[in-house]
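This report describes how the strands and helices of one chain are arranged. The sequence and the structure are shown first.

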Amino acid sequence: MASTKASFGVEDFEIAADPKPLLLRLFRPETQDPLPVVINLHGGAWTKGDLNECRARDEAIAEAGIASAALDFRHGDDGYPTSLIDINFAIRWIRDNAVNLGLDPARIGLAGQSSGGHLAMLAAMRPDEPGYRERTTGDPDATVSCVAMTWPVINPLSRYHHALRLRSSDDPPGWTADIPERHDTYWRTEANMAEGNPMLALERGEAVRTPPALWIQGTPDPIHDYRDPESAIDGNEPERFAARYREAGGEIELVYIEQDGRAERSLAPLTNFLIARLNP
């Protein structure tokens, strides 16, 4: 028997106006019960994209009975850490407005794809980071219950070096044409790429939160699934991060899917994880 998909409504909110409008699009299943919610973050190498790119994930999450909130955070020339400031604020804004929105403030998750996956994990790990809390709102709590990532750029510094190495080879792949420059636009310095880095934060022994996590990885995917030659772990970046996360006391599931059609293939494991963690 096919599972029943929840019907949902869609509503746009401007949750902050200064220095730029911060827009949030809420996909909410039609029910009177308070719902868990996932803040959904688009990819684009920290320099492009918008909340419309989250729509397939938003709809799948809402059909699974969980609200999904796509966020139009700052990126590109606005530079690090503006994205994290906006995400941290959005978590607190949802918690502060949960009753009016029909949401459960105790069940908030984060999800993100590619660079959005990096941002989701970094925001989840550092809810109390002073540099991410520039915007103010009523509720001070920016912690989340879980974080789900699809092929995240978990280590901006190693991916930057990875792209530069490949671009200088005899047969550079096309994806390396502008990736280093896009890193430069947002991060500006390698020091920032190292500081705003979930992988290196764990390897530095930084005191971080480690909520239950999911990493969905397409294969083969040389853009996100590669080995950093500076890593002490004999494995690619997904295995390296999973090992470090578990060492820090976190629980993380690493799921591999075929690269061809990965966007569609990722929806089932993504929603299954969110149902288990937010809507058991």
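## Helices on the sheet

In this predicted model, helix α2, residues 82-101, lies across five strands: β1, β2 (22-29), β3 (35-41), β4 (67-71) and β5. The direction of α2 is at about 145° to β5.

Helix α3, which spans residues 115-125, also packs on the sheet. Its contacts are with β3, β5, β6 and β7 (213-219), and its direction makes about 140° with that of β5.

## The sheet

The sheet that carries these helices is open and has eight strands, in the order β1-β2-β4-β3-β5-β6-β7-β8, with mixed pairing. The edges are taken by β1 (8-16) and β8 (252-258); each has a single partner strand, so one side of each is left without a neighbour in the sheet. From one strand to the next, the twist averages 20°.

Strand β5 (residues 103-113) pairs in the parallel sense with β3 over six bridges. In that pairing Leu35 has Leu103 in β5 as its bridge partner. Strand β5 also pairs with β6 (residues 146-150), again in the parallel sense, over five bridges. Here Gln113 stands opposite Thr150 in β6.

## The α4 and α5 pair

Two packed helices are described by the angle between their axes and the distance between the axes. For helix α4 (residues 156-167) and helix α5 (residues 179-187), the axes come within 9 Å and cross at roughly 150°. The two helices are therefore roughly antiparallel to each other, and the crossing of α4 past α5 is left-handed.

On the α4 side, the contact is made by Pro156, Arg159, Tyr160, Ala163, Leu164 and Arg167. These meet Ile179, Pro180, Glu181, His183, Asp184 and Trp187 in α5. By class, the residues of this contact are seven nonpolar, one polar and four charged.

## Salt bridges

How many salt bridges does a search of the whole structure find? The search finds 22. One salt bridge joins the side chains of Glu195 and Arg126, at 3.0 Å from N to O. Glu195 belongs to helix α6 (residues 190-195), while Arg126 is in the loop between α3 and β6, so the pair ties together parts that are 69 residues apart in sequence.

Note on methods:
Residues numbered from 1 in each chain as written. Predicted model: local features only at pLDDT ≥ 70, side-chain atom pairs only at ≥ 80, totals over all residues. Heavy atoms only, no water. Pairing = 2+ DSSP bridges. Helix = DSSP H or I, 4+ residues; strand = E, 2+ residues; numbered from the N terminus. Axes fitted to C-alpha atoms, helices over the stretch in contact; angles between N-to-C directions. Contact = heavy atoms within 4.5 Å. Parallel < 35°, antiparallel > 145°, perpendicular 65-115°, else oblique. Left-handed = near helix turned anticlockwise from the far one by under 90°. Nonpolar A, V, L, I, M, F, W, Y, C, P; charged D, E, K, R; others polar. Salt bridge = Lys/Arg side-chain N within 4 Å of Asp/Glu carboxyl O.
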